[in-house]
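Visitor: I should like to be guided through the helix packing and the internal spaces of a protein model. May we begin with the structure itself?

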Amino acid sequence: MKRYEVIIVGAGPSGLSAGIEAAKKGLKVVVFDENEKPGGQLFKQIHKFFGSKEHHAKIRGYKIGEELLKEADDLGVEVVLNATVIGLYPDKEVNVRINDQIHHYKGDTIIIATGASENMVTFPGWTLPGVIGAGAAQTMMNLHGIQPGKKVLMLGSGNVGLVVSFQLLQAGCQVVAIVDAAPRVGGYGVHAAKVARTGVPFYLSHTIKEVEGDTHVTGVWINEVDEHFTPIEGSEKYFEVDTVCMAVGLSPMSQLLKMAGCAMEDNPKRGGQVPIVDEYGETSVPGIFAAGDVSGIEEASSAMIEGKMSGLCVAEYLGYIDEEEKLREIKIFEDDLDSLRQGMFAPKNRGKLIEKTDEGIDISTNLLKKGYVADEEIERFPGVVHKSGVHPVIECTQNIPCNPCQDACPKGCISTGENITYLPFVKEGSECINCGMCVASCSGQAIFLVDEDCGDGTATVTLPYEFLPLPKQGDKGYGLSRNGEKVCEAEVVSVKSLKAFDNTSLLTMRVPKEYAMKARFFKCI
C-alpha cells in the first residue's frame with residue numbers, strides 16, 4: 001500500500017490549486033482524476049474569466065488550466081489520470097481503479113475536489129439522441145471540434161446556458177432560442193447581452209413541453225408558465241431543431257465524502273447534498289477536506305481559491321507550517337474570496353430580485369426579461385458617455401466582481417472606483433487613444449469604442465468580434481441593435497487581430513451617425 005502525505009481527488013481548478021499550494025510547502029502530493037486529461041472544466045472554457053488580475057481576469061479558461069498544470073508539474077505534484085476513486089474510508093484509505101486494476105493508497109490527509117455534475121429535467125422525448133447537457137456540448141465543441149447540432153434550443157439562462165449559447169454560435173450552430181422557466185435571466189447581464197445582439201431571442205417564463213422525433217430530435221414545443229410554473233394552455237410555440245441543450249444547474253459530486261462518514265446536509269443554496277465543513281473546508285472527519293463545487297456551487301475562480309486554502313490547511317495539519325503562518329496566508333485568500341462573493345450575484349443574494357445597483361441606479365428590467373438593455377434604459381448607466389472623437393462606451397450595467405478594463409487602458413481612462421463590483425465609468429478629462437485594449441480585455445464584451453460624428457453624416461463603432469471567418473475591410477452588411485434586429489446598413493472599416501487582444505478581434509464598422517449609440521453588432525449581407 002503506497003502512502004502519500006496528501007491525496008487529492010479531482011484534477012480540476014480546485015484540486016490542482018490545492019496540490020500546488022501543498023507542494024509549495026514541501027508535501028508529497030498525488031492527484032487522482034478519472035478523466036484522460038487533467039484540468040477539469042477549465043479546458044472547455046474558451047471564454048475570458050471575470051474578476052481582477054489576481055483572479056486570472058481576462059484570461060481564457062483553457063490557458064488558466066495550462067498554467068496550473070505547468071506549475072503543478074514544476075513542483076513535483078503527481079497527477080494520475082484515468083484513475084477512478086471508488087472508495088474513501090474514515091481512516092483516509094483510498095481505493096482507485098487504474099487500468100481495470102484496483103489499487104490501495106493511504107493518505108495522511110485527503111482533499112476531495114470532485115466538482116459537480118449536470119442536472120437534467122425530464123419531459124416527453126428527453127431521452128432522444130440530440131438532447132444533451134451544456135457540458136457535453138462544450139466537450140464536443142471545445143475539446144473535440146465537433147458541432148453538437150445545426151439548430152439548437154438552449155434550456156437555461158444562467159451563466160452556463162448563456163456562455164455555452166455563445167460558444168454554440170462561435171461553432172457555427174444556430175441557437176433558435178434560450179428558454180427558462182424563471183421570470184428573469186439567471187446569469188450575468190453582459191453574457192445575455194452579447195448573445196441577444198446576435199439575434200437570439202429569450203423566452204423567460206417558458207419551459208419545454210415535449211421534444212419531437214422518432215430516432216432523433218426534430219423539433220421542440222415550449223409552453224409559457226404562470227407564476228406557479230404551471231403551463232398556460234394555448235401558449236405553445238414550436239421550433240424546428242436537431243438539438244436541445246440543457247443548462248439547468250449543477251449538483252455537487254459529494255458521494256465519496258458521504259462514504260467516508262463525513263457529516264452531510266441538504267443545502268439548496270449550496271447546490272444539494274454537501275459536506276458540513278468549517279471555514280477552511282475541513283469536514284467532520286479530521287484530515288479530510290472539501291474544496292470547490294463539491295462543497296457548494298460557485299465560479300471556477302472561487303474554486304481555485306478554496307483549493308489554495310485547503311492546500312495550506314493540510315500543510316498546517318501535518319506540521320509543515322505553524323498556525324500563525326497558515327492564518328496569515330489564508331487571510332489573503334479570504335480577502336480574495338470575499339471580493340469575488342460581492343455584488344448582485346453574491347451567494348447571499350441568490351433568489352433575490354435586486355432592483356438597484358450599488359450606485360442606486362435602477363436595474364434594466366428589459367435586460368432581466370429579454371436579455372438586453374433597451375435604448376431608453378442604457379443612458380442612465382455611468383459608462384455610457386457622449387464625447388467628441390473616439391471614446392469608450394461601457395455597457396456594463398450590473399454589479400459584478402470584475403475590473404480588467406481599468407487595468408487594460410494605458411491612459412487610465414476607465415475606473416471602477418474603490419470597489420471591484422462598482423460599475424465602470426470613463427474618467428472625466430481622460431483622453432482615449434483608440435488602442436482598443438479595453439474592448440479586447442472586457443470579459444463580458446460590454447465595451448465599445450464610438451466616434452459619434454465623423455463629420456460626413458456617419459459614425460464608427462468598434463466592437464469585440466469572436467466569430468470566423470472574420471469579415472474584411474470594405475465588407476457591407478447590417479448593424480444589429482442590442483436585441484439583434486437590423487437597424488441600419490453598415491460597412492467594415494477595419495478588423496484588428498493582435499496578439500495582445502488574445503483572440504478577440506476588434507471590428508470597426510461605419511454606420512449612419514444616428515445609430516452610433518444603437519448599432520452593437522455587425523452581420524454580413
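The questions and answers below treat one pair of helices, one pocket and the cavities of this predicted model.

Visitor: How is α3 directed with respect to α4: roughly parallel, or roughly antiparallel?

Guide: Two packed helices are described by the angle between their axes and the distance between the axes. For α3 (residues 134–143) and α4 (residues 159–170), the axes lie 10 Å apart and the angle is about 30 degrees. Angles under 35 degrees count as roughly parallel. Therefore the arrangement of α3 and α4 is roughly parallel.

Visitor: Which hand does the crossing of α3 and α4 have, left or right?

Guide: The angle of about 30 degrees describes how the two helices pack. The hand of the crossing is a further description: where α3 passes α4, the crossing is left-handed.

Visitor: How many residues of the contact of α3 with α4 are charged?

Guide: From α3, the contact involves Ala134, Ala137, Gln138, Met141 and Asn142; these meet Val160, Val163, Val164, Gln167 and Leu168 of α4. Sorted by class, the residues of this contact are seven nonpolar and three polar, and the number of charged ones is no more than none: no charged residues.

Visitor: Which element gives the largest share of the lining of the second largest pocket?

Guide: The second largest pocket has a volume of about 550 Å³. Its lining comprises 29 residues, and the closest to the centre are Ile46, Arg60, Gln170, Glu466 and Asn503. The elements that give two or more residues to this lining are α3 and α4. The largest share, three residues, comes from α4.

Visitor: How many residues in the lining of the second largest pocket are charged?

Guide: The lining of this pocket is divided by class into nonpolar, polar and charged residues. There are 13 nonpolar and twelve polar residues, and the charged residues number four.

Visitor: Which helix gives the most to the lining of the largest cavity?

Guide: The whole structure holds four cavities of 30 Å³ or more, and the largest has about 140 Å³ of space. Of the 15 residues that line the largest cavity, Ala193, Arg197, Val373, Glu395 and Arg482 lie nearest its centre. With three residues, the helix that gives the most to this lining is α5 (residues 189–196).

Visitor: How many nonpolar residues are in the lining of the second largest cavity?

Guide: The second largest cavity has a volume of about 110 Å³. It is lined by 13 residues, and those nearest its centre are Cys396, Cys402, Cys405, Pro424 and Cys442. The lining has no charged residues and three polar ones, while the nonpolar residues number ten.

Notes
Residues are numbered from 1 along each chain as its sequence is written. This is a predicted model: local features need pLDDT of at least 70, side-chain atom pairs count only at pLDDT 80 or more; totals for chains, interfaces and linings use all residues. Side-chain values use heavy atoms; hydrogens and water are left out. Axes are lines fitted to C-alpha atoms, for helices over the stretch in contact, and angles run from 0 to 180 degrees between N-to-C directions. Helices (H or I, at least four residues) and strands (E, at least two) are DSSP runs, numbered from the N terminus. Angles under 35 degrees count as roughly parallel, over 145 as roughly antiparallel, 65 to 115 as roughly perpendicular and the rest as oblique. A crossing is left-handed if the near helix is turned anticlockwise from the far one by less than a right angle, and right-handed if clockwise. Contact means heavy atoms within 4.5 Å. Ala, Val, Leu, Ile, Met, Phe, Trp, Tyr, Cys and Pro count as nonpolar, Asp, Glu, Lys and Arg as charged, and the others, Gly among them, as polar. On a 1 Å grid over the protein atoms alone, a cavity is a set of points where a 1.4 Å probe fits but cannot get out, and a pocket is an open set with protein on both sides within 12 Å along at least five of seven lines; lining residues have an atom within 4 Å of a point. Grid points are joined across faces, edges and corners, and a volume is the space filled by probe spheres set on the points.
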